[in-house]
Amino acid sequence: MKLAIALLAALAGVGAFAPSRSVNYHAPTATTDTSTAIYQFGTLGFDTNNLYSREEEEQIRTLNEVMAYLGPLQAPTAIRPDLGSSVLISGFDPRDPSSTEILSFLNNEDSPHFPFTKIVAHVEDVKLAKKRLIGRNARYTGLLDKLDFSEGASSSVPTVEQLEGVSSWVAHVDDGDVGSLGEIVDVAEVSESVKNVAILVSGAGHVGRDALKEAEELLKGKATTFAYTLLVVPEWNDEPEATCAYGLVNATDVVDAPFAEGATFSREESLRVITECLAIDKAAGKCVVANASKETNSLENMMIQGMREIGFSRLAEIEHMVTSGTKGYNDMIAEREKNTTWEKAPEPTKEQKAAIAKTKEEQIQLEREQRAEANKQSELKTMATQWAKREYLRKNLKRKIPIKEDEFIEIVWERAMFEADLKYRTMQGQAVSESEERKKFREEQEAKKKEAYKKEQERWKTMQYEELEPPEDRTISLRG
C-alpha cells in the first residue's frame, strides 16, 4: 500500500517533461516540518502521517522549497533589442537532422521573440543544402520565403563580406573543437553588422576544464563589438527536447571534468537552448556547460519540474537556468542558514488547502483531456494511414502509379486525415454533415493549391539555369 501511494505522488511530476505542456500551478507553501503534508500533492482521503521514509520526506520537502523559491521569480523575459531582421547559421551539415531543427527553431511561429525575415544558411555545397533543406515543410511554414544560402570552403566560418547585413549569427562547432572559436570571434569582431553571436560546441566530452576557461577568456578579451553566448555539450543523442532535465554551469564554476565518461546530451535540447540564448538579454556574455540530469531526486530535475508545473515558458526556463540555475537556489539556502532570524512558515489554512486540492483536481482533469486528445490523434493517424493504403491499392489496380506507397501517402495525407476524422466522428455517434464538409474541404484544398502554384511560379522565376539542368555526366563506362 505504501509503495502504491508513493507511486501516485511521483506520477504528479512525470508529466512535467512533456514538450508542449502548459499547466497553471500554484506554488505550495514551504515548510520545514518533518511530517509530510500530502495536500501539497493532492488529497488521498485518509491520514498520511508517517507514510513516507525519511529519504522520501526529505525529497518532498526539498521539492516544496524549490517550488516556493521559483514562484516569485516568474517574470517576463527581457529580449535583446538588437537581434535585427537577419540571422546566419553556420557549421551545420545539411545531411544531419540538426540543420533542419535549427531552422525550425528560428522560424517557429510560437517564438515571436525572433523577428527574423531572412535566414541565411552558410554551407559548403549550396546545391546539396537546397536539396536537403527545401521541402514541403519549408513551403508550408513560410521558411522558403526567408531562407537564403551562402557558400564557402568552410561551412563553419563565413567571410566578412558574407556577414554583411547579418545582425545575428548562430555558429556550430563539432567534435569539441574549442580551438576554432578564435576564428569565429575574429570574423564577427570586424563585421560591422553582427551584434549577437551564439556559439554551440557539440561533441565536447573530451574537453577539459582548462580548455573551457581559455575559451571563456578568449571571448571576454576579444569580443568587444558584439554580444556572445557559448554553450558546450557532450556527444549528441536523438532524444526529443524537454524529455529530460538538464543543468547549466558557468565555465568558471567547473571544478572537475566538465562531463562524465560516455555522457550525452539531447541534440534538440541543445539547439533549443542556444537559439533561445540568442534572444535572451541576460544570456549575453555567458559561457555555460550543459549536462543531462536523469536522476529524479537531483536538484536540477526538481527545478526543471517545478518551473514547468508552475507555468514557466521554455524561454523563461532557459533564462533562469543560464543566469541562476541550481547555484542560485544553493546560494539562497546558504544565506538562509546564516540568517538566524528565519521563521517557520505558517501552516496553510483549510481554505488554502481546499484551493490547492481544487487546483490539483483541475490539473488532473486537464491531463485526462490531453491524454484523450493524444489517443484520438493516434487513432486518427492509424485510420488515415489505412485509408491511404487502400486508396493506393485501388488506384494501382486501375492503372500503375509511378510512385511508391509511402510517397503516395504523404501526398494524400490531408485528405486521409479528413476521411479519418469523418469516420471517427461517425463511429462516436456525433452529428456529421458529410456533403457540406466535403464541399468545404474541396474549396480549402483548391485555395491551397492556387496559393502553392503561385509561390512555385515565383520560385521558378528566380531559379538559375544550372538548377534546372543538372551537369552532364561525362563518365565513360567500359564493359567487357
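# Talking through the fold: helices, sheet and two odd loops

Student: Which helices do the buried residues of α2 pack against?
Tutor: Keep in mind that this is a predicted model. The buried set in α2 is E57, I60, T62, L63, N64, E65, V66, M67, Y69 and L70. Those residues pack against α10, α11 and α12.

Student: How far apart are the end C-alpha atoms of α2, and what span should its 17 residues have?
Tutor: The expected span comes from 1.5 Å a residue, taken over one less than the number of residues. For α2 that gives 24 Å, and the end C-alpha atoms agree with it, since they are also 24 Å apart.

Student: Is α2 roughly parallel or roughly perpendicular to α12?
Tutor: Start with the axes of α2 and α12, which come within 11 Å and cross at roughly 100°. An angle of 65 to 115 degrees counts as roughly perpendicular. So α2 and α12 are roughly perpendicular.

Student: And which residues of α12 meet α2?
Tutor: On the α2 side, the residues to look at are T62, E65, V66 and Y69. An α-helix has 3.6 residues a turn, so residues three or four places apart point the same way. Across from that α2 set, the α12 residues are G328, Y329, M332, I333 and R336.

Student: Which residues of α12 are buried?
Tutor: Helix α12 runs over residues 325-338 and reaches 21 Å from its first C-alpha to its last, close to the 20 Å expected. Its buried residues pack against α2, α10 and α11. They are G325, T326, G328, Y329 and I333.

Student: Let's move to the sheet. What is the order of its strands?
Tutor: The sheet is open, with eight strands and mixed pairing. Its edge strands are β3 (147-151) and β8 (245-250), each pairing on one side only. On average, neighbouring strands are turned by 20° against each other, ignoring direction. Reading across, the order is β3-β2-β1-β4-β5-β6-β10-β8.

Student: Which residue in β2 is the bridge partner of V87?
Tutor: Look at β1 (residues 86-90) and β2 (residues 118-123), which run parallel and are joined by five bridges. The β2 partner of V87 is I119.

Student: Which strands does α11 touch when it packs on the sheet?
Tutor: Take α8 (residues 209-222) before that: this helix packs on the sheet against β5, β6 and β10, with its direction at about 170° to that of β6. Helix α11 (residues 314-323) also packs on the sheet, and its direction makes about 40° with that of β8. The strands α11 touches are β8 and β10.

Student: How many of the six residues of β5 are buried?
Tutor: N196, A198 and L200 point one way from β5, while V197, I199 and V201 point the other way, and all are buried. The strand is therefore largely enclosed by the rest of the structure. The count is six of the six.

Student: What is the bridge partner of V173 in β5?
Tutor: V173 sits at the end of β4 (168-173). Strands β4 and β5 run parallel and are joined by six bridges. In β5, V173 has as its partner V201.

Student: Now the loops. Is D175 buried or exposed?
Tutor: D175 lies in the loop between β4 and α7 (181-190). Its phi is positive, about 60°, although D175 is not a glycine. The cut-off for exposed is over 50% relative accessible area. With a relative accessibility of 56%, D175 therefore counts as exposed.

Student: Is A242 buried or exposed?
Tutor: A242 is in the loop between β7 (235-237) and β8. It isn't a glycine either, yet its phi is near 65°. Buried means under 20% relative accessible area. Its relative accessibility is 1%, so A242 counts as buried.

Student: Are α15 and α16 roughly parallel or roughly antiparallel?
Tutor: The axes of α15 (residues 413-427) and α16 (residues 434-461) come within 12 Å and cross at roughly 165°. Angles over 145 degrees count as roughly antiparallel. So the two helices, α15 and α16, are roughly antiparallel.

Student: Which residues of α16 make the contact with α15?
Tutor: The crossing of α15 and α16 is right-handed. From α15, the contact uses E414, R415, F418, E419, L422 and R425. From α16, the contact uses E434, E437, R438, F441, Q445 and K448.

Definitions and conventions
Residues are numbered from 1 along each chain as its sequence is written. This is a predicted model: local features need pLDDT of at least 70, side-chain atom pairs count only at pLDDT 80 or more; totals for chains, interfaces and linings use all residues. Side-chain values use heavy atoms; hydrogens and water are left out. Two strands pair if DSSP finds at least two bridges between them. Helices (H or I, at least four residues) and strands (E, at least two) are DSSP runs, numbered from the N terminus. Axes are lines fitted to C-alpha atoms, for helices over the stretch in contact, and angles run from 0 to 180 degrees between N-to-C directions. Contact means heavy atoms within 4.5 Å. Buried means under 20% relative accessible area, exposed over 50%, partly exposed in between (1.4 Å probe, protein chains only). Angles under 35 degrees count as roughly parallel, over 145 as roughly antiparallel, 65 to 115 as roughly perpendicular and the rest as oblique. A crossing is left-handed if the near helix is turned anticlockwise from the far one by less than a right angle, and right-handed if clockwise.
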